Amino acid sequence: MADTTDLDPYEATVADLIQRDMCPPPLTVTEDKPLLQMAQEMLARPEVHTTAVVDADGLMVGIIISRTLAEHFFVEEFPEVVFGEVLDLRSSLDAVRIGQRFHSASEMMDDAVAVRPDDSLHDAFVLIHATHATGLPVVDATGRPVAYLDLMTLALLHGEDARTD
């Protein structure tokens, strides 16, 4: 791992991680990408857990979390597992959404939620945590995906910081 001893989570930014090659390139798909093809692309990039859905101009218009896509394929085979986790209104709405038959990325995508290079590491963690994802695309000022920030990268930074105290 790159040297991260100088990264304070409240002052260091996502750009600092990108400059240290700690953020892989994003995985992007177009809105019309069939879900099975998208799943194959996600399988080929196991380090990226959230895919950026982009329009014809390359602007991010949504995200698809790999777990949501996987559950979509399993819902017909194992509905008791997918729907058995319904505990509250949010999980109930998620389960209904997963149970729908989607064919393309545009049908399945969630709202476009992304980290920006100038976000502090703390703010990036808060945003990723709020989405219940394990990472998010990083977009530039124009809204184009430029990298992927994984929650584990942030966790390891915190772990290194805690060990040096």
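Look for Gly-135 first: in this predicted model, Gly-135 sits across from Asp-150, a residue of strand β5. That facing pair belongs to a partnership between β4 (residues 135-139) and β5, which run antiparallel and are joined by five bridges. What makes two strands hold on to each other like this? Strands of a sheet pair through backbone hydrogen bonds, in either a parallel or an antiparallel way.

Now follow the chain from β4 into β5. The two strands make a hairpin, with five residues lying between them. One residue in the turn is worth a stop: Gly-143 has a positive phi of about 95°. Once you come out of the turn you are in β5 (residues 145-150), and this strand is mostly covered, with five of its six residues buried.

There is also an open sheet to find, built from three strands in the order β1-β2-β3, with mixed pairing. Why do β1 and β3 each have a side without a neighbour in the sheet? β1 (28-30) and β3 (60-65) are the edge strands and each has a single partner strand, so one side of each stays free of a neighbour in the sheet. If you step from one strand to the next, the twist averages 35°.

Zoom in on one of the pairings in that sheet. β2 (residues 50-54) and β3 run antiparallel, and five bridges join them. To find your place, look for Thr-50, which stands opposite Ile-65 in β3. As for the side chains, in a regular strand they alternate between the two faces of the sheet.

Helices have sides too, and α2 (residues 35-44) shows this nicely. Which of its residues are buried? They are Leu-35, Met-38 and Met-42. These three cover an arc of only 55° around the axis, which means that they lie on the same side of α2. Turn to the face of α2 that points away from the buried side and you meet the exposed residues Leu-36, Gln-40, Leu-43 and Ala-44.

Finally, zoom out. The protein has eight helices and five strands, and along the sequence they come in the pattern α-β-α-β-β-α-α-α-α-α-β-β-α. Of the 165 residues, 38% are buried. The protein exposes about 9,300 Å², and carbon and sulfur atoms supply 56% of that area. How much of the contact network links residues 24 or more positions apart? Among contacts with a separation of 6 or more, such pairs account for 59%.

Methods
Residues numbered from 1 in each chain as written. Predicted model: local features only at pLDDT ≥ 70, side-chain atom pairs only at ≥ 80, totals over all residues. Heavy atoms only, no water. Buried < 20%, exposed > 50% of the residue type's maximum accessible area, 1.4 Å probe, protein only. Helix = DSSP H or I, 4+ residues; strand = E, 2+ residues; numbered from the N terminus. Pairing = 2+ DSSP bridges. Axes fitted to C-alpha atoms, helices over the stretch in contact; angles between N-to-C directions. Contact = heavy atoms within 4.5 Å. Areas by Shrake-Rupley, 256 points an atom, 1.4 Å probe, with all protein chains shown as cover. Arc of directions from axis to C-beta.
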